[in-house]
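Thanks for coming, everyone. I'll put the structure up, and then we'll walk through it.

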Amino acid sequence: MNVAIERILSAAANGDVPSAAQALVLEYADDLTRLCAIAASVRDAYHPDIVTYSPKVFIPLTHLCRDVCRYCTFAETPRPGRPAYLSIDEALNVARAGVKAGCREALFTLGDRPELRWRAARDALAGLGFDSTLAYVRHVAEFVLKETGLLPHLNPGNMNRAEVETLRPVAASMGLMLESTSVRLGLRGGPHFGSPDKAPDARLATIRAAGEARVAFTTGILIGIGETRRERIEALLAIRELHNRYGHIQEVIVQNFQPKTNTRMEHHPAAAASDHIWTVAAARIILGGAISIQAPPNLAPTHALSLVGAGINDWGGVSPVTIDFVNPEAPWPEIETLAQVTETAGKVLAPRLTIYPEFAADPLRWLAPEVQPAVLRMSDASGLARESDWSPGLGLRIPAVRSGSSGSVSPAIRLILQRSAAGAELDENEIATLFSARDTAFHAVCARADAIRRAVNGDVVHYVVTRNINYTNVCTYHCQFCAFSKGRTHEDLRGKAYDLSMEEFGRRVAEAWSRGGTEVCLQGGIHPDYTGDTYLTILQTAKAAAAAIHVHAFSPLEVWQGATTLGLSLADYLGRLKAAGLASLPGTAAEILDDEIRAIICPDKIDTDTWFKVMEAAHSLELKSTATIMYGHVERPVHWARHLVRVREHQKRFHGFTEFVPLPFVAHEAPIYKKGRARCGPTWREAVLMHAVARIALNPHISNIQASWVKMGPEGVRACLQAGANDLGGTLMNESITRAAGAIHGQEFCPQEMTDLIRASGRIPAQRTTLYGDVPDERVRASFAAQRLVEMVNTPLRKRGLHPAIDLHVNQCTRS
């Protein structure tokens, strides 16, 4: 038998899932150390670094139940004067308290169909206007979702497919503990006697119905209630069979029985810790690495650490607001305590949503349309829960990132950082892995980036005195992230449509020069009346207004548009722009340089290859440019990695990028966010990591990493200066695009403010030119003595009759 067991374990270590017959042999696997080692290796192949938990509130909608499980203290009998159900207001109060405490999940717990047993339940439902508990569950869950944004996870008991489908529009996930497939436990004297809803066939039918209805589902087994090891394995195999058919089991809970006073099983022994550990390990080997295995930490205060060693990757729900109503005698651990236990086990604790990342990544399959926006709002780029409510541009409090011991940095990240320090070029997978860094690993990545910054740039932090001039906000494109442009799809957004007169445009350029500016940054929407000649006129006007000013102008999209309208090659058109005064290009319109994402956020914009073709043509003409990334909407870390690799490979060939500029998505006025189809920007951790990982991945090819004060805010850029950034970009004088998206930071960050911020960060401030040259003393003095800006006038859009699309745009814009 030992030889057979060892073959099974060795195969599991190599990624093979045991057959049903082999799984049953594990009943005799008594070498717990060996079993746990294999289980942990199976888990680590899929979940190498983190153990998750769900910040949640319990909403015990009713304690009434038609079943009489011998171990349960949750179910109660009707009492005079006590409402049978929570009211909507009571449920909402609990949910709102959860929101304030940072919860993401509303766990609805209740007894099985109490109206089938209790008249009090029937009368209460009738008084509320419902004919069933399930109908009331749906009603309350809908209110919680809409009013608070918490994601309902529903545990309403046994259901058929139609009932599951009725609840699907108000739930991000659902669950039902299988507990056991042993019919024996339902016989007289057993723990499930007199509890028809605990019949294994009925519970398996519910799990099957959830699969048919495409619901991300939680189930599990309860151990220590009189079942045998073999029966536990049989239950796990039944779960596995259903998952293999439908793919819907996101987690399996291995819950250990704890006796409770005033129950018929109060003198029954608790499940032994060793038995709990054994079952977790067996479950991991039988179910494989992909399915999450959960064990509640409040039921394992003495052996929680061993459960990580046995293969769990999730602690389940932990509430800062409500007790565990199912196990009221077992208080939740403090999150910091749980984080320390997790770190001791060599893992990092991370919050998740009630729906797991792999299911959230396929919303069309697993989420009803009504639930998808709430899931996106609460998600980070990996599909886990946002660690805080911070979003770019809103001036919110900067959250702290937990820091533990150096031992909590995962081996994978430690090795990548060592390779970076040795001068190795990181590949796409390594770059994506760095974006997963949390807690101590986050600080380690930032420290490595800062070390590179120190070696490359020293302690000088540069900025440029510039003026942003957006000459029109009319655009024929339909970029879903843009709150700046005006057109028929964006008519409800901030501000009126305008198209600057050349007189006003020239005045702004001249004013920029008079205030010490060395650069004007020129970009605008793709106006339907603009041709390549328009951009040449803009350049001629700028140089006429201030001959010595550096014109940093035109995104690759505008360059491509101008060349196309004149029938010129990119090189020929860029040559004409350069002759007219163009000195460098902003590397905007990049967004995410991966066509999978561009098809979602900017489907009619130039594709990735075209963006690089414009840059190739510009750099071949010795026109330098920046490179940017706009992140935090629908993409994932793998797309960030691809973007960085493409930028790096281009730079190795053409050496034309002066700096890399991370631009976190400012969501709150953006169309794609308002429609519920995007996240609300990167998390704080992700935003800082973008600067750090970019520094590491692009070294030594791009020497400058810029932090955007408009999007990150002053405190945000100070953090980025400790994570690889060495540049704060421009003073701007005017900023329209980010403010249109909802950002609150000012339109100008003057030289004195730049200087103060940089010095407060322990660095040395220095003005620079666009191309990182020295700035003449005269320009510096003028910038510090600048007068207040003259009030701007955005020239209202005028009907010109030169393009068949103009009338449509004018009519739409005048209604905005």
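What follows is a short tour of helix packing, loops and buried residues.

One caveat before we start: this is a predicted model.

Let's begin with helix α27, residues 684-698. I'll take two of its partners in turn.

Partner one is helix α28, residues 709-721. How far apart are the axes of α27 and α28, and at what angle do they pack? The axes are 10 Å apart, and the angle is about 50°. Angles over 35 and under 65 degrees fall in the oblique class, so α27 and α28 are oblique to each other. The crossing of α27 with α28 is right-handed. Who makes the contact? From α27, Trp684, Ala687, Val688 and His691. From α28, Met712, Glu715, Gly716, Ala719 and Cys720. By class, this contact of α27 with α28 holds six nonpolar residues, two polar and one charged.

Partner two is helix α18, residues 439-457. Here the angle with α27 is about 45°, and the axes are 8 Å apart. That makes α18 oblique to α27 as well. Which hand does the crossing of α18 and α27 have, left or right? It is left-handed. Now the residues. α18 brings Phe442, Val445, Cys446, Arg448, Ala449, Ile452, Arg453, Val456 and Asn457. α27 answers with Arg685, Val688, Leu689, Ala692, Val693, Arg695 and Ile696. The split in the contact of α18 with α27 is 11 nonpolar, one polar and four charged. Keep an eye on Val688: it appears in the contact with α28 and in the contact with α18.

Stay in this region for the loop. Pro700 sits between α27 and α28. Its peptide bond with Asn699 is cis, with omega about 5°. If you are setting up backbone torsions, that's the one to look at on screen.

Next, backbone angles. Two residues other than glycine have positive phi: take Asn262, at about 65°, and Phe554, near 75°. Are they buried or exposed? Asn262 is in the loop between β6 (249-256) and α10 (273-287). Its relative accessibility is 74%, so Asn262 counts as exposed. Phe554 is in the loop between β13 (550-553) and α21 (556-566). Phe554 has a relative accessible area of 1%, so this one is buried.

That loop leads us to α21. Its buried residues are Pro556, Leu557, Glu558, Val559, Gln561, Gly562 and Ala563. What covers them? The cover includes β12 (519-523), α20 (532-545), α22 (570-580), β14 (582-585) and α24 (608-620). After α21 comes Gly567, with a positive phi near 70°.

Leu557 links us to the next stop, Lys605. Lys605 lies in the loop between α23 (595-601) and α24. Its relative accessible area is 13%; the cut-off for buried is under 20%, so Lys605 is buried. What does Lys605 touch, leaving aside neighbours within four places in sequence? Tyr477, Cys479, Phe481, Leu557, Ala589, Glu591 and Arg598. The C-alpha atoms of Lys605 and Ala589 are 8.4 Å apart, with their positions 16 residues apart along the chain.

Now a longer reach along the sequence. Val371 is in the loop between α14 (363-366) and α15 (372-378). Val371 is buried, at 0% relative accessible area. Ala171 is 200 residues away along the chain, yet the two C-alpha atoms are separated by 6.8 Å. Beyond four places in sequence, Val371 touches Leu145, Arg168, Pro169, Val170, Ala171 and Ala172.

Last stop: helix α31, residues 777-784. Which residues of α31 are buried? Arg779, Ala782 and Ser783. Looking down the axis of α31, these fall within an arc of 100°, so they line one face of the helix. In general, an α-helix has 3.6 residues a turn, so residues three or four places apart point the same way. On the other side of α31, Asp777 and Arg781 are exposed. The cover over the buried residues of α31 includes α19 (502-514), α30 (751-760) and β18 (764-767).

To recap the helix pairs: α27 crosses α28 right-handed, and α18 crosses α27 left-handed. That's the tour. Thanks.

Key. Residues numbered from 1 in each chain as written. Predicted model: local features only at pLDDT ≥ 70, side-chain atom pairs only at ≥ 80, totals over all residues. Heavy atoms only, no water. Axes fitted to C-alpha atoms, helices over the stretch in contact; angles between N-to-C directions. Helix = DSSP H or I, 4+ residues; strand = E, 2+ residues; numbered from the N terminus. Parallel < 35°, antiparallel > 145°, perpendicular 65-115°, else oblique. Left-handed = near helix turned anticlockwise from the far one by under 90°. Contact = heavy atoms within 4.5 Å. Nonpolar A, V, L, I, M, F, W, Y, C, P; charged D, E, K, R; others polar. Buried < 20%, exposed > 50% of the residue type's maximum accessible area, 1.4 Å probe, protein only. Arc of directions from axis to C-beta.
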